[in-house]
Amino acid sequence: MPELPEAERARAVIQDRALGRRIAAVDDADVWVCRPHAPGEIAAALTGATLTDAHRRGKMLWVDTDRGPVLGLHLGMSGVIDVDAEPAAGSWDRFALEFDDGGRLALRDKRRLGRVILDPDLARLGPDAADATRAEFRRRVGRGSAPVKARLMDQSVIAGVGNLLADEILWRARISPLRPAGDLDPDELDGLRRSVRAAVRDSIRRGGSHTGELNPHRVRGGICPRCGTPLVRSTVGGRTTFWCPSCQPGAG
DNA sequence: ACCTATGTTGATAC
DNA sequence: GGTATCAACATAGG
């Protein structure tokens with residue numbers, strides 16, 4: 001269920017349960033998930049190293065090692081990090097570190113849209129959605145003719161907002177997902193930023209991007225939990241989108 | 001059976 | 001460059 005909240009949970013799991021452990025072996029045989037690395041390449045870089053720190057920006061995770069190489073992890077659409085879980089049949093382990101204490105860190109990902117990459121390039125990733133300053137947020141988000149929802153989900157603009165979180169954020173901010181981002185005035189952008197921070201904070205606390213107030217109503221026939229108006233369902237920024245035409249007026 | 005749907009991102013074309 | 005579309009993966013459901 002990976003958006004920012006799930007990535008943060010995964011980072012915390014790595015931090016709490018995997019740091020300080022030494023890598024005895026690496027399973028990097030899945031050439032799709034580990035692309036563009038050849039099988040054995042990640043293993044060669046990491047075997048013998050100890051995990052020293054776990055970081056996150058948006059949905060991107062990376063783990064430092066005492067040997068230098070950095071292990072980049074992305075959960076994609078269905079990935080989960082498991083520490084010390086048995087690799088049962090059907091558990092969809094696509095990558096794993098085996099520690100010299102007998103434990104194991106695995107990327108479990110049925111759909112294989114997750115990613116493992118050495119020394120990930122973070123240059124094209126915007127600031128974490130919850131860390132952008134007001135000025136930075138106004139400047140980065142409040143431009144362009146694309147719908148504001150697409151702008152929020154663009155990881156090079158701000159990092160971490162996915163489809164469910166975007167709908168929740170816009171609903172909280174009472175802004176239509178269809179409004180061209182560049183048409184928002186500074187007050188609206190400040191309000192949008194407040195909603196981003198509040199939605200991110202709440203979803204991390206409650207345990208995921210599916211825990212928003214709007215989410216249970218994000219179904220055909222759903223109504224606005226604030227005013228009872230039937231929600232509109234459409235495609236915005238290429239993704240299924242629900243919003244309240246009464247609370248979130250504007251284009252559409 | 002066939003079509004749609006699903007939390008992501010990247011490549012590609014205009 | 002910005003924007004829109006499709007493809008990559010695997011599965012579920014009408």
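The following paragraphs describe the fold of chain A and then turn to helices 1 and 5 and to Ser203 in helix 6.

The model is a predicted one. Its secondary structure consists of six helices and 10 strands in chain A. The overall dimensions fit what the chain length suggests: a compact globule of 252 residues would have a radius of gyration near 18 Å, and the 20 Å found for chain A agrees with this. Taken along the principal axes, the box filled by the C-alpha atoms is roughly 60 × 35 × 30 Å. Of the 252 residues, 50% are buried. Contacts also reach across the sequence, since among those between residues at least 6 apart, 64% join residues at least 24 apart.

The surface of chain A can be described by its area and the chain by its charges. About 11300 Å² is accessible, and carbon and sulfur atoms account for 48% of that area. The chain carries 39 positive and 34 negative side chains, with a distance of 7 Å between the centres of the two sets.

Helix 1 comes early in the chain, at residues 4-17. At 1.5 Å a residue, its 14 residues should span 20 Å, and the separation of 20 Å between its end C-alpha atoms agrees with that expectation. The buried residues of this helix are Leu4, Pro5, Glu6, Ala7, Glu8, Ala10, Arg11 and Ile14. A general point helps in reading such a list: an α-helix has 3.6 residues a turn, so residues three or four places apart point the same way.

Helix 5, at residues 163-173, is mostly covered, with nine of its 11 residues buried. Among them are the charged Asp167 and Glu168, together with Leu165, Ile169, Leu170 and Trp171. Asn163, Ala166 and Ala173 are buried as well. Where does this covered helix find its packing partners? The buried residues of helix 5 pack against helix 1, helix 4 (148-153), helix 6 and strand 10 (239-243). After helix 5 comes Arg174, which has a positive phi, near 60 degrees.

Helix 6, one of these partners, covers residues 186-206 and includes Ser203. Is Ser203 buried or exposed? Its relative accessibility is 5%, and Ser203 therefore counts as buried, the limit being under 20%. Beyond its neighbours within four places in sequence, Ser203 is in contact with Pro5 and Leu165, which are buried residues of helix 1 and helix 5, respectively. Gly208, Ser209 and Thr211 complete the set of contacts made by Ser203.

Terms used
Residues numbered from 1 in each chain as written. Chains lettered and ligands numbered in written order. Predicted model: local features only at pLDDT ≥ 70, side-chain atom pairs only at ≥ 80, totals over all residues. Heavy atoms only, no water. Helix = DSSP H or I, 4+ residues; strand = E, 2+ residues; numbered from the N terminus. Rg over C-alpha atoms; globule rule 2.2 N^0.38 Å. Buried < 20%, exposed > 50% of the residue type's maximum accessible area, 1.4 Å probe, protein only. Contact = heavy atoms within 4.5 Å. Areas by Shrake-Rupley, 256 points an atom, 1.4 Å probe, with all protein chains shown as cover. Charge placed at Lys NZ, Arg CZ, Asp CG, Glu CD. Expected span 1.5 Å × (residues − 1).
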